[in-house]
Amino acid sequence: MKKNRQKPQALILDMDGVLWRGSQPLGNLPAIFDTIRALGLRVLLATNNATLSRDDYLEKLRKLSVELERWQVVNSGDATAHFLKQKFPTGGAVFIVGENGLAHTLAEAGFLKADADVLAVVVGMDRQLSYGQLGAAARAIRSGALFVGTNPDRTYPTPDGLMPGAGAVIAFLRAASDVEPIIIGKPSPEMYRVALERLQTTPETTLIVGDRLDTDILGAQAIGAQTALVLSGVSDEQSARSWQPPVDYIARDLTALIEELRVKFG
Ligand SMILES: [Mg+2]
């Protein structure tokens, strides 16, 4: 603890590296969510990973015995759909470099997957990506389609180690098209804006929890929220301790953080 922080009214939790690593849960998730409820905290999950839809995340949580409502999950795909809707209110065709979850989210907002004559090229993580698709996406961007990246995470934690994330694919297309992308996910404030709107809390009374300094914590500090870094994912303790401005809470994992909040505010 670097500062005297007031009791938060809400938590925004990152998922990969905070709730789980791949399919492996980090701690006793039902007990963690019970304690969050007992502390009277509203909770929302926000992830840069757009490969799964909100319903996919709810299903994944249900399998881990955690029941949440649909409004309590935001991914960078939702925030990207929100952004595109502001730009193109009537929807339209988009080239998608990404997985089914992203295509589903964009389709719900009126943006259908197409290979030509597209308004935008939307780029996320895609574990089936081919050189041919990358070439087609780069050509669409060169032809004038808006280049939108769902999130800047260059790597993605799995039980086998770090794998290339959306940011790595975006960097490839940036090099191949000579065009600068617009990036929507954390640390861009777009996602946290959607999250705070749903929680109906202010940044000052909201604690944002993540495992990455350069996305979760940077974005949270940019909007003036309280911050917590857990050491169960990408960033390590040494980088966390030297981060400026200081992170409010640094904890081994989510279990330890919630216990600290319980002792301090419970
Ligand atoms: Mg993470």
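**Largest pocket**

I started with the largest pocket of this predicted model. I read its space as about 200 Å³. Next I listed what lines the largest pocket: M125, D126, R127, Y156, T158, M163, P164, G165, A168 and V169. I then asked which elements give two or more residues to that lining. They are β10 (155–158), β11 (161–164) and α6 (166–177). I sorted the lining of the largest pocket by class and found six nonpolar, two polar and two charged residues.

**Largest cavity**

I turned from open space to enclosed space. A general note to self: a probe the size of a water molecule, rolled over the atoms, shows where empty space is left. How many cavities of 30 Å³ or more does the structure hold? I found one. About 160 Å³ of space lies in the largest cavity. I counted 18 residues in its lining, and those closest to the centre are D16, N48, N49, D153 and Y156. I had already met Y156 in the lining of the largest pocket.

I checked which elements supply the lining of the largest cavity. β10 and α8 (213–222) each give at least two residues. The largest share comes from β10, with three residues. By class, I logged five nonpolar, seven polar and six charged residues in the lining of the largest cavity.

**Domains**

I looked up how the chain is divided. I have domain 1 (10–48 + 186–265) and domain 2 (88–183). Domain 1 is thus written as two stretches, 10–48 and 186–265. The C-alpha centres of domain 1 and domain 2 lie 27 Å apart. For the contact between them, I noted 11 residues of domain 1 against 10 residues of domain 2. Then I went back to the largest cavity. Its lining draws at least three residues from each of domain 1 and domain 2.

**Helices α3 and α4**

I wanted one helix pair. Two packed helices are described by the angle between their axes and the distance between the axes. I took α3 (residues 76–87) and α4 (residues 100–108). They pack at an angle of about 35°, and their axes are 9 Å apart. Is the crossing of α3 and α4 left-handed or right-handed? I logged right-handed.

From α3, the contact uses G77, D78, T80, A81 and L84. From α4, the contact uses L102, T105 and L106. I split the residues of this contact by class: four nonpolar, three polar and one charged.

**Backbone oddities**

I finished with the backbone. Most residues other than glycine have a negative phi, and most peptide bonds are trans. I looked for exceptions.

The peptide bond from K186 to P187 is cis, with omega near 10°. Where is P187 found? I placed P187 in the loop between β12 (182–183) and α7 (190–199).

A cis peptide bond also joins Q244 and P245, where omega is about -10°. I located P245 in the loop between α9 (237–242) and β15 (249–251).

For phi, I flagged D178. D178 is not a glycine, yet its phi is positive, at about 60°. I found D178 in the loop between α6 and β12. I had noted α6 earlier, as one of the elements that line the largest pocket.

Technical notes
Residues numbered from 1 in each chain as written. Predicted model: local features only at pLDDT ≥ 70, side-chain atom pairs only at ≥ 80, totals over all residues. Heavy atoms only, no water. 1 Å grid on protein atoms, 1.4 Å probe; cavity = no way out; pocket = protein on both sides within 12 Å on 5 of 7 lines; lining within 4 Å. Points joined across faces, edges and corners; volume = space filled by probe spheres on them. Helix = DSSP H or I, 4+ residues; strand = E, 2+ residues; numbered from the N terminus. Nonpolar A, V, L, I, M, F, W, Y, C, P; charged D, E, K, R; others polar. Axes fitted to C-alpha atoms, helices over the stretch in contact; angles between N-to-C directions. Left-handed = near helix turned anticlockwise from the far one by under 90°. Contact = heavy atoms within 4.5 Å. Domains from an automatic or database assignment.
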